[in-house]
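Let's take a walk through a protein together, moving from one residue to its neighbours and then on to the wider picture. Keep the view open beside you as you read.

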Amino acid sequence: MEERMQKIRKAVIPAAGFGTRFLPQTKAMPKEMLPIVDKPVIQYVVEELIEAGIEEIVIVTGYHKRTIEDHFDRPSMELIENLRMGGPKKLPLLQEIERISEMANFIYVRQKGPYGNGTPLLNVRNVIGDEPFIYTFSDDFIKAAPKSRFKQLIETYNEFKCSILGSIRAVKDEDYDRYGFAGGKELRDGVIDVKRIVEKPGKASAPSDLANVSGYVFTPDIFEYLDRARLNLDEGAELYYNDALKLMLGDKKRVIAAEIKGGKYYDTGNKLEYLKTVVEFALAHKDLNGTFREYLKGLNL
């Protein structure tokens, strides 16, 4: 009997880290809330999820991340009244902040367990249940056209009905020392039937040029394999989702690596790449009307 296709309705965003690369700024402001011109990084990710049809967004936070919850909550009456008093000029701002709170059903879970990017997944098991879901980060993203990254991931899942690793082409030698790479049979351009995952292999040892970054579709059996990976952890070691994926591959579970077509990867998790992202988005911002570009041209650098 043919397996029933489950629609991807939920997404998980881990957001419990301390953002130490951006201290002292992140002592009071979560790194996920760092602005790209006038929107926090995490809002770009959330808006892309909503545009792809995601209905529930689960954000895994820590005690110091209340401002994320506040951002996606209803605006205070004081702010609403202030914007109303501003007249027609402030009406678009009022509409925008009200839209943010109504974009999706937001669920917040506090992170508990060992360090590592696999722990947020264990924390959301009861919320996700027996459904495929998107797992994506809040300090990097891929801007793709004409189809967004998440639409491409969902379409690939609908085709293969298994876990999908979003990927980009490595273009610099140092990329091979930063990411995990998928190896296996190339089914078509940019799509690999994964047989192994090699972390930070170096260019000479990389099994392909497809680096697995930024966003994934996981089938619910990932939780079982995370349990197994956690049992295998040495004391004090971190729990990674790649450990679970390797166990899945060992059991002959199918995993596909898919290049995000027409996309550009933005990593706002370090200072230099964050500043590059801000400048690039500022140059394209509709309200700046080219004035920022003229300012940059006028700098005596």
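Apart from residues up to four places away in sequence, D139 touches K31, V41, Y266, D267, T268 and G269. Bear in mind as you look that this is a predicted model. You can find D139 in the loop between strand 6 (133-136) and strand 7 (140-144). Is D139 buried or exposed? Its relative accessibility is 17%, and buried means under 20%, so D139 counts as buried. One of its partners deserves a second look: the side chains of D139 and K31 make a polar contact of 3.0 Å.

Now step along to D140, which belongs to strand 7. D140 has a relative accessible area of 7%, so this residue is buried too. Which residues does D140 meet, once neighbours within four places in sequence are set aside? They are V45, R149, S214, Y265, Y266, D267 and T268. Two of these meetings involve polar contacts between side chains. With Y265, the side chain of D140 forms one of 2.8 Å, and with the side chain of S214 it forms one of 3.5 Å. For a sense of distance, try finding E98: 42 residues separate it from D140 along the chain, and their C-alpha atoms are 25 Å apart.

Next, let's turn to the nonpolar interior. The largest nonpolar core contains 49 residues, and L49, I57, I59, F72 and I134 have the most contacts inside it. Which helix gives the most to this core? That is helix 1 (residues 41-51), with 6 residues. To see one core member in its surroundings, pick out F72. Leaving out neighbours within four places in sequence, F72 is in contact with I42, Q43, V46, I59, I100, S101, M103, F106 and Y108. There is also a second core, separate from that one, with 32 residues, among them V124, F137, A182 and L249.

Finally, come out to the surface. Here F18, Y63 and Y115 make a nonpolar patch of about 430 Å². Where along the chain is F18 placed? Look in the loop between strand 1 (10-15) and strand 2 (35-36). The relative accessible area of F18 is 43%, which lies between the 20% limit for buried and the 50% limit for exposed, so F18 is described as partly exposed.

Note on methods. Residues numbered from 1 in each chain as written. Predicted model: local features only at pLDDT ≥ 70, side-chain atom pairs only at ≥ 80, totals over all residues. Heavy atoms only, no water. Core = buried A, V, L, I, M, F, W, Y, C linked by side-chain atoms within 4.5 Å. Buried < 20%, exposed > 50% of the residue type's maximum accessible area, 1.4 Å probe, protein only. Helix = DSSP H or I, 4+ residues; strand = E, 2+ residues; numbered from the N terminus. Contact = heavy atoms within 4.5 Å. Patch = residues over 30% accessible without salt bridge, like charges linked within 9 Å, V, L, I, M, F, W, Y side chains within 5 Å. Areas by Shrake-Rupley, 256 points an atom, 1.4 Å probe, with all protein chains shown as cover. Salt bridge = Lys/Arg side-chain N within 4 Å of Asp/Glu carboxyl O. Polar contact = N/O pair within 3.5 Å; in protein donor to acceptor, adjacent residues only side chain to side chain.
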